[in-house]
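Grab a pencil and work through a few short exercises on how a protein chain packs against itself. Try each task on your own before you read its solution.

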Amino acid sequence: MKKARETIIKILERDTTRDRIFKICRDNGMTQKTAKVVDLFLDKTMEEVAAEMDIDVRTVQRKINEFISKCSQ
């Protein structure tokens, strides 16, 4: 998932602050939960994010993919 992480950083224009992530998610109609997943994913593995948020790894993948597809248009 290194490619996904790099894509997210590119979308954020290298400004990976939590405020920026939450603003982009809000502006693109995504939930705060998605923003939190993306924020955590920048520093952790999908498995660590899933464990910390008590959600399934597939949910983490789905939210990351949602962020990338909605924000890279």
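The exercises below deal with helix pairs, a nonpolar core and a few single residues, and the model you're looking at is predicted.

**Exercise 1. Describe how H2 and H3 are arranged, and find the residues that make their contact.**

Step 1: Start with the general recipe. Two packed helices are described by the angle between their axes and the distance between the axes.

Step 2: Apply it. The axes of H2 (residues 18-27) and H3 (residues 32-41) come within 9 Å, and they cross at roughly 140 degrees.

Step 3: Classify the angle. Roughly parallel needs under 35 degrees, roughly antiparallel over 145, and roughly perpendicular 65 to 115. H2 and H3 are therefore oblique to each other.

Step 4: Add the hand, which is right-handed for the crossing of H2 and H3.

Step 5: Pick out the residues. H2 brings Arg18, Ile21, Phe22 and Cys25, while H3 brings Gln32, Thr34, Ala35, Lys36, Val38 and Asp39. Sorted by class, the contact of H2 with H3 has 5 nonpolar, 2 polar and 3 charged residues.

**Exercise 2. Do the same for H4 and H5.**

Step 1: The axes of H4 (residues 46-53) and H5 (residues 57-71) come within 8 Å and cross at roughly 110 degrees.

Step 2: That angle makes H4 roughly perpendicular to H5.

Step 3: On the H4 side you'll find Met46, Glu47, Val49 and Ala50, which meet Val57, Val60, Gln61 and Ile64 of H5.

Step 4: The class count for the contact of H4 with H5 is 6 nonpolar, 1 polar and 1 charged.

**Exercise 3. Which residues of the largest nonpolar core touch the most other members?**

Step 1: Keep the background in mind. In soluble globular proteins, nonpolar side chains tend to be buried together.

Step 2: The largest nonpolar core has 25 residues, and Ile8, Val60, Ile64 and Phe67 touch the most other members.

Step 3: Ask where the core comes from. H1 (2-11), H2, H3, H4 and H5 are the elements that give two or more residues to this core.

Step 4: Zoom in on Val60. Skipping residues up to four places away in sequence, Val60 touches Val37, Met46, Val49, Ala50 and Ile55.

**Exercise 4. How many residues of H3 are buried, and what covers them?**

Step 1: Count them: 7 of the 10 residues of H3 are buried, so this helix is mostly covered.

Step 2: Name them: Thr34, Ala35, Val37, Val38, Asp39, Leu40 and Phe41.

Step 3: Look for the cover, which includes H1, H2, H4 and H5.

Step 4: Check one of them. Asp39 has a relative accessible area of 10%, and the cut-off for buried is under 20%, so Asp39 counts as buried. Leaving out neighbours within four places in sequence, its contacts are Thr16, Arg18 and Ile21.

**Exercise 5. Are Leu12 and Cys71 buried or exposed, and what do they touch?**

Step 1: Leu12 sits in the loop between H1 and H2. With a relative accessible area of 0%, Leu12 is buried.

Step 2: Setting aside neighbours within four places in sequence, Leu12 is in contact with Arg20, Ile21, Ile24, Leu42 and Phe67.

Step 3: Cys71 belongs to H5, and at 17% relative accessible area Cys71 is buried too.

Step 4: With the close sequence neighbours (within four places) left out, Cys71 is in contact with Ile11, Ile24, Asn28 and Met30.

Step 5: Finish with a distance. Cys71 and Asp27 are 44 residues apart along the chain, yet their C-alpha atoms are separated by 9.4 Å.

How values were computed: Residues are numbered from 1 along each chain as its sequence is written. This is a predicted model: local features need pLDDT of at least 70, side-chain atom pairs count only at pLDDT 80 or more; totals for chains, interfaces and linings use all residues. Side-chain values use heavy atoms; hydrogens and water are left out. Axes are lines fitted to C-alpha atoms, for helices over the stretch in contact, and angles run from 0 to 180 degrees between N-to-C directions. Helices (H or I, at least four residues) and strands (E, at least two) are DSSP runs, numbered from the N terminus. A crossing is left-handed if the near helix is turned anticlockwise from the far one by less than a right angle, and right-handed if clockwise. Contact means heavy atoms within 4.5 Å. Ala, Val, Leu, Ile, Met, Phe, Trp, Tyr, Cys and Pro count as nonpolar, Asp, Glu, Lys and Arg as charged, and the others, Gly among them, as polar. A nonpolar core is a set of buried Ala, Val, Leu, Ile, Met, Phe, Trp, Tyr and Cys residues joined through side-chain atoms within 4.5 Å. Buried means under 20% relative accessible area, exposed over 50%, partly exposed in between (1.4 Å probe, protein chains only).
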